[in-house]
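Me: I have this protein open on my screen and would love a close look at one part of it, the way the helices pack around the core. Could you walk me through that part slowly, with the terms spelled out?

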Amino acid sequence: MLLKRSMKGRIDLMGPAMAIQKELMSVPSFENGEDELLSSEKKVINNAKKAILMVAGSAVQKLMQKLKDEQEIIMNVTDMLIEVFACESAYLRTMKLSKTKKGEELQPYIDMTKVYVNDAVEKINLYGKHAITAFAEGDELKMLLLGLKRFTKLEPVNNIKLRRSIADRLIEANRFCF
């Protein structure tokens, strides 16, 4: 629907997509950003949104009206959107809980958000690669894949340790306690 509405001129997808292309041509920022709760995950989610705009915008620009016949590309972009939506939902839920829970009580939610965002960004990268390779070739392919890599880059987390911590909490409670 997003792509269809964009192609009909009902929403502006190309403006933000062009801004993302300009950002790709600029020097990346090496700032660590804020030092607040889940600030790294917030940055990763925002960058994943940029990856979606880059992929969708490039597909629209390259294929125009033919895009409606490219269901696999649309499916990959949709899967990217779904993952970002789930990441942002987990992030926002944890941030909301941080207003009422502190310390050990909040930690499992932080861990679950980190694990999910980490796994989802890898999926977003994969879906993006599948979409890009379906419509781009040569230098354009290389540039888009580099852009995708830039926008889906994240600091690695120890998912095994985080998952064990979450599992220990569940085992201790002997029920689903989240």
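Reply: Happy to; here is a walk through the helix packing, beginning with the overall layout.

What you see is a predicted model, in which local features need pLDDT of at least 70 and side-chain atom pairs count only at pLDDT 80 or more, while totals for chains, interfaces and linings use all residues. Residues are numbered from 1 along each chain as its sequence is written, and side-chain values use heavy atoms, with hydrogens and water left out.

The protein has 7 helices and 0 strands; here helices (H or I, at least four residues) and strands (E, at least two) are DSSP runs, numbered from the N terminus. Of its 178 residues, 37% count as buried, where buried means under 20% relative accessible area, exposed over 50%, and partly exposed in between (1.4 Å probe, protein chains only). Among contacts with a separation of 6 or more, 76% join residues 24 or more positions apart; a contact means heavy atoms within 4.5 Å.

Now to the core itself. The largest nonpolar core holds 41 residues, and Met54, Val55, Ile73, Met80, Ile132, Phe135 and Leu148 have the most contacts inside it. Such a core is a set of buried Ala, Val, Leu, Ile, Met, Phe, Trp, Tyr and Cys residues joined through side-chain atoms within 4.5 Å. At least two of its residues come from each of H3 (39-63), H4 (71-97), H5 (107-135), H6 (138-151) and H7 (159-173).

Leu148 is a good place to put your cursor. Setting aside neighbours within four places in sequence, Leu148 touches Ala51, Met54, Val55, Met80, Asn125, Gly128, Lys129 and Ile132.

From there, follow the pairing of H3 with H6. Their axes lie 8 Å apart and the helices pack at an angle of about 160°; axes are lines fitted to C-alpha atoms, for helices over the stretch in contact, and angles run from 0 to 180 degrees between N-to-C directions. That angle makes H3 roughly antiparallel to H6, because angles under 35 degrees count as roughly parallel, over 145 as roughly antiparallel, 65 to 115 as roughly perpendicular and the rest as oblique. H3 passes H6 in a left-handed crossing, a name used if the near helix is turned anticlockwise from the far one by less than a right angle, with right-handed for clockwise. On the H3 side the contact involves Asn47, Ala48, Lys50, Ala51, Met54, Val55, Ser58 and Lys62, and they meet Glu140, Leu144, Gly147, Leu148 and Phe151 in H6. By class, the contact of H3 with H6 has 7 nonpolar, 3 polar and 3 charged residues; Ala, Val, Leu, Ile, Met, Phe, Trp, Tyr, Cys and Pro count as nonpolar, Asp, Glu, Lys and Arg as charged, and the others, Gly among them, as polar.

H3 also packs with H5. These two axes come within 11 Å and cross at roughly 15°, which makes H3 roughly parallel to H5. Their crossing is left-handed. H3 brings Glu41, Val44, Ile45, Ala48, Met54, Val55, Ser58, Ala59, Lys62 and Leu63 to this contact, and H5 brings Lys114, Val117, Val121, Ile124, Gly128, Ala131, Ile132 and Phe135. These residues divide into 13 nonpolar, 2 polar and 3 charged.

Ala48 deserves a stop on the way. This residue lies in helix H3 and is buried, with a relative accessible area of 2%. Beyond neighbours within four places in sequence, Ala48 is in contact with Val84, Ile124 and Phe151. Ala48 and Asn125 are 77 residues apart in sequence, yet 8.6 Å apart in space, C-alpha to C-alpha.

The next pair is H4 with H5. Here the helices pack at an angle of about 165°, with axes 9 Å apart, so H4 is roughly antiparallel to H5. H4 passes H5 in a left-handed crossing. The contact of H4 with H5 has 18 nonpolar, 5 polar and 4 charged residues.

Two loop residues round out the picture. Ser98 sits in the loop between H4 and H5 and is buried at 13% relative accessible area. Leaving aside neighbours within four places in sequence, Ser98 is in contact with Leu37 and Leu106. Leu38 is in the loop between H2 (14-25) and H3 and is buried too, with a relative accessible area of 5%. Leu38 has a positive phi of about 55° although it is not a glycine. Most residues other than glycine have a negative phi.
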